[in-house]
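User: Please take a close look at one part of this protein, the second largest pocket, and at the sheet whose strands help to line the pocket. I am a first-year student, so explain the terms as you go.

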Amino acid sequence: MENLWNDAAAKAAVERYGANGVNEDLALCTYTTRLLGGESRLVLHGGGNTSVKTEASDLVGERFDVLCVKGSGWDMATIEPAGLPAVKLRPLRKARAFDKLSDEDMVTLQRANLIDPASPNPSVETLLHAFLPQKFVNHTHSTAVLAIVDQAESRRLANAAFGDRFAFVPYIMPGFALAKASAEAFEAKPDAEALILDKHGIFTFAETAKEAYDLMIDYVSRAEDYVRREGRPAFHPVSLPDGIASADMIAPILRGAVAIRQKGKRFGRMVNDFRTLPAIMDFVNAGELADMAERGVSTPDLSIRIKTGPMVLPAPRADDLSGFAAATTAAVDRYAEAYTRYFNENNDRDDVDRTMLDAMPRLTLVPGVGLFGHGRSAKEAKIAADLGEMWIEAARDAEMVGRFEPVSRQDLFDLEYWSLEQAKLAGNKPKPLSGQVALVTGGGGAIGAAVARLFAAEGAHVVIADLDGGRAEEVARAAGNSAIGVAMDVTDRASVKAGFAAAVSRFGGVDIVVSNAGAAFQGPIATLDDAVLRKSFELNFFAHQIVAQEAVRIMQAQGTGGALLFNASKQAVNPGADFGAYGLAKAATLFLSRQYALEHGKDGIRSNAVNADRIRSGLLDDAMIESRAAARGLSVEDYMGGNLLHREVTAEDVARAFFDLACAESTTANVTTVDGGNIAAALR
């Protein structure tokens, strides 16, 4: 592994942070932490920590010896000094005299001794850092080191890989007991320059930041060298069927199968994150794949993100997707049954009251295709996929030098259902659209952009589709929550298919479609040119049909229902003079929404429409508003508020109506009016 320490960069960090009152010790620890956190083979999504012993003053100026240690929630790759909260060192070290200390009391002790009470919770391994005497301490879950310690003969392999300048610590889950055992292991070998923690990772330490970092890179490099030197081919490729289905072909099937079944016919949907790299393909195409997946995860903290390990599916054939769907459903059922059994057997070991997590996998391996991470958000799915890649690397290398034997299921359970993790989950309330994917056509306009912003704020992952691809991307950036923008001509079936394919490729499928794109065409109906009427129907009716057809195809593959939401317009029920070309097409679209409700309620697909009027948008721009107001002898304000409530209706009001319908799981064939009150347009 490359050593990235740079004296000039370290000095610059000291100067930069020093300008804000940060001392040199903490500045160097921050610099080191970012170096370690930037290497995924060392640290990934919370799987490591660092510390420095230094001095700090409290709010009244009293000086204390402190431990600045990584705080909960901070990413080591981008950490700032605030992410290394200072804890008074003396009380932490006094705790060494205790025989026992519960996890809850450990957290209380650490928080009670924070210099700044507003700081994040210090790492659960704070006491281990405190009990070691060295000034700088680094901890990682290096995949190369895990390849050495995820073995039945881990101590022997560690000696072979690292020599004799380390202390070995048998597996104990993080907390007070591990801190004491680690301190005792070091004291039994005071010349040790590292701690190798069985089934867990590595600690290095020294009096300078550079030396502690150098030792980490040195030990990881030794592990890598050992695997290269002693490793042998561990896997044998299997023969795959001809005509393997693509990832996009199977993603909706898989995504629907892993959706969390809730009360009634509700689903807690998840999004996918797909990976295919040579190392992944070598692993998923191996005959030993199922056996490796059954053995568990490479380090226990992965259980919090990917449970007991991955689910394995058969290689999918493009000409038999129904067979693959049946096999996937059966595999998910087996996984859920095994996970439930794992929970019940381990939960019965004591009288602790625990809440079982959902039993759905978070990582799926598919021969011939690749790796899928699953999560209630794109971020969670990415984390699962990232960890899946690292698990593959550690498991592969472990098998090359011995036999991959990670921590037992019992020990895995103790960490996955750790009281501290259960407490976090208790406060985790998903948003109404968490895990759902929404595609909005006409997303660059006022109403489409308002829908995108609201849906993203409520947890959805939004695909903003617009004829202007640049504008779609601009709206996506403003919406956030991993939203993407795509160029889409809704009158072109190939363009629509490409837009939906982008949604499947990025998130795994589609659950909600807001069919919003449209434009107003004018002219007296008796003299209207056929070309104008046909053009209006192409955009304001047939385009909605093309979009709905593609949406239903994906929703049926997912098997978890969905929502079709059409922008019908007031013109569909209350036509205006010279707007026949627009109103006729919109009236057809309103009844199109009801036809879908009639024919696809059996699939759990809800179809509803919104009837809006006088919304400032591309259809009703400032010039048209002024023209219409003047023609009626009204001010712009009186014209826009010309309804029973005497208030202007906004794009955000329309977006709220679409959101309400997206959440109304028992409502279909409905038309929601958003116009401030217009009796002439009220449905009878």
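Analyst: The pocket comes first here, and the sheet follows.

The model is predicted, so local features need pLDDT of at least 70 and side-chain atom pairs count only at pLDDT 80 or more, while totals for chains, interfaces and linings use all residues. Residues are numbered from 1 along each chain as its sequence is written, and side-chain values use heavy atoms, with hydrogens and water left out.

A pocket is defined on a 1 Å grid over the protein atoms alone, as an open set of points with protein on both sides within 12 Å along at least five of seven lines. Grid points are joined across faces, edges and corners, and the volume is the space filled by probe spheres set on the points. For the second largest pocket, the volume is about 700 Å³. Its lining, meaning residues with an atom within 4 Å of a point, holds 32 residues. Nearest the centre of this pocket lie K265, R266, F267, R269 and E665.

Four elements each give two or more residues to the lining: β9 (267–268), β18 (562–567), β19 (605–612) and α25 (651–663). Such elements are DSSP runs numbered from the N terminus: helices are H or I with at least four residues, and strands are E with at least two. By type, the lining of the pocket has nine nonpolar, 13 polar and ten charged residues. Here Ala, Val, Leu, Ile, Met, Phe, Trp, Tyr, Cys and Pro count as nonpolar, Asp, Glu, Lys and Arg as charged, and the others, Gly among them, as polar.

Now the sheet. Strands of a sheet pair through backbone hydrogen bonds, either parallel or antiparallel. Two strands are taken as paired if DSSP finds at least two bridges between them. β18 and β19 belong to an open sheet of seven strands, in the order β16-β15-β14-β17-β18-β19-β20, with parallel pairing. At the edges stand β16 (484–487) and β20 (671–674); each has a single partner strand, so one side of each is left without a neighbour in the sheet. From one strand to the next the twist averages 20°, with axes fitted as lines to C-alpha atoms and angles running from 0 to 180 degrees between N-to-C directions.

One pairing in this sheet shows the detail: β14 (residues 437–441) and β15 (residues 461–466) run parallel and are joined by five bridges. Within that pair, V437 stands opposite H461 in β15.

Notes
1 Å grid on protein atoms, 1.4 Å probe; cavity = no way out; pocket = protein on both sides within 12 Å on 5 of 7 lines; lining within 4 Å.
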